[in-house]
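Please open the structure in your viewer and keep the selection panel at hand. The tour below goes from one selection to the next and says what is found at each stop.

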Amino acid sequence: MIIVTGAAGFIASNLIKKLNSEGFNHIIAVDKFDNPEKNKNLEDLKIQEKVERDVFFDWLDNQDAKKVEFIFHLGARTDTTEFDIALLTELNTDYSKKIWEKCIEMQIPLVYASSAATYGLGELGYNDDESKIPELKPLNPYGISKNEFDKWALQQEKKPFYWAGLKFFNVYGPREYHKGRMASVILHAYKQISETGKMKLFHSHNPEFKDGEQMRDFVFVDDVVNVMIWLMHHRKNSGIYNLGSGKARTFLDLVKAVFKAMEKKEDISFIDTPADIRDKYQYFTEAEMEKLKKIGYPYDFTDLESGVDAYIKEMKL
């Protein structure tokens, strides 16, 4: 029995698909199943049982702990524009604490989703050195809620016998169509180019970066899923890890890859970054991935062009 929270979401549904392909079909899907569009992510997957988020802990109390092999806790309020601090604390911090405590009580190994949003503007770099986590300065309440749980987890004397927190960078790939404005730039570019034949990017308001040369660590969802499943089997070296590609790329690189994958002529222009986010805009993110590699993670990460091409082909289908 493998439990996946946030199961109907983007990364979690891709994880379940991969687990199914490896013969894991006794999946307990935990979520708030009130979004018909999002629920489509589960239609082609093998799931043993769906459990509503609000009753999950009561459900878990009635299970034989020996039957629960692993928990992937990916459920969260992931909207970076959400400013309801009480809601974010409830769903992202306090709910995670309850899962942590249940994993200790029932001896269940745990992988949970943190976020690269915890790094803020990257003043301290993007190194997943746990001693730096208390010093990080996230830019928004979402990032704060994630960092608060990371800090809390590190402070605990009692921990699950195996646990890992993963700081996801800019993940893209199939099954994110329900995310609206929170979807990846690739999806927005695909839609905009399909409708207009053109793509608009933000001007740079930082003299160190030319227009379109703002950089992000874009990571293909298949790579994210591969890391999580590898950790499920590895079950050593507990801790908090970055999960990006390890290589920053420009938005121009990304959009050019989308035009190429769509077999369209490039037509790129620039608009001003909205004033309300301009002072909190990240111009560079790049995951330092040495820590994961040092514990033995053996696989390479998909380059941007290959990932975009695979994603666009799937969207066309």
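A crossing of two helices is called right-handed if the near helix is turned clockwise from the far one by less than a right angle, and left-handed if it is turned anticlockwise. With that term in hand, please bear in mind throughout that what is on the screen is a predicted model.

**First stop: a pair of helices**

Select helix α4 (residues 85–106) and helix α5 (residues 141–155), whose axes lie 9 Å apart and make an angle of about 25°. Because angles under 35 degrees count as roughly parallel, α4 is described as roughly parallel to α5. The crossing in which α4 passes α5 is right-handed. To see the contact itself, show the side chains on both helices: I85, L88, N92, T93, S96, K97, W100 and E101 of α4 meet P141, Y142, S145, E148, F149, W152 and A153 of α5.

**Second stop: the sheet**

Now select the strands of the open sheet, in which 7 strands are paired in parallel in the order β3-β2-β1-β4-β5-β6-β11. At the edges stand β3 (49–52) and β11 (239–243), and since each has a single partner strand, one side of each is left without a neighbour in the sheet. From one strand to the next the twist averages 20°.

Move then to β1 (2–5), where I2 and V4 on one side and I3 and T5 on the other are all buried, so that both faces of the strand are covered. The parallel pairing of β1 with β2 is made by 4 bridges, and T5 can be found opposite V30 in β2. Strand β2 (residues 27–31) also pairs with β3, again in the parallel sense and over 4 bridges, with D31 standing opposite E52 in β3.

Which strands does helix α4 touch as it packs on the sheet? They are β1, β2, β4, β5 (110–115) and β6, and the direction of α4 makes about 170° with that of β4. Add helix α1 (residues 10–21) to the selection, which lies across β1, β2, β4 (70–73) and β6 (163–168) and runs at about 160° to β1.

**Third stop: another pair of helices**

Select helix α8 (residues 251–262) together with helix α11 (residues 304–316), whose axes come within 9 Å and cross at roughly 45°. That angle makes α8 oblique to α11, and the crossing is right-handed. On the α8 side the contact is made by D253, L254, A257, V258, A261 and M262, and on the α11 side by L304, E305, V308, D309, I312 and K316.

**Fourth stop: residues in loops**

Is S204, in the loop between β8 (199–202) and β9 (215–216), buried or exposed? S204 counts as buried, because its relative accessibility is 15%. Its side chain reaches the backbone oxygen of N206 at 2.9 Å, while the backbone oxygen of F209 lies 2.6 Å from a polar atom of that side chain. Leaving aside neighbours within four places in sequence, S204 is in contact with F209, K210, D211, Q214 and Y283.

Most residues other than glycine have a negative phi. Select Q107, in the loop between α4 and β5, where phi has a positive value near 60°; Q107 is partly exposed, with a relative accessible area of 49%. End at N237, in the loop between α7 (221–234) and β11, where phi is again positive and near 60°, and where the relative accessible area of 38% makes the residue partly exposed.

Terms used
Residues numbered from 1 in each chain as written. Predicted model: local features only at pLDDT ≥ 70, side-chain atom pairs only at ≥ 80, totals over all residues. Heavy atoms only, no water. Buried < 20%, exposed > 50% of the residue type's maximum accessible area, 1.4 Å probe, protein only. Polar contact = N/O pair within 3.5 Å; in protein donor to acceptor, adjacent residues only side chain to side chain. Contact = heavy atoms within 4.5 Å. Pairing = 2+ DSSP bridges. Helix = DSSP H or I, 4+ residues; strand = E, 2+ residues; numbered from the N terminus. Axes fitted to C-alpha atoms, helices over the stretch in contact; angles between N-to-C directions. Parallel < 35°, antiparallel > 145°, perpendicular 65-115°, else oblique.
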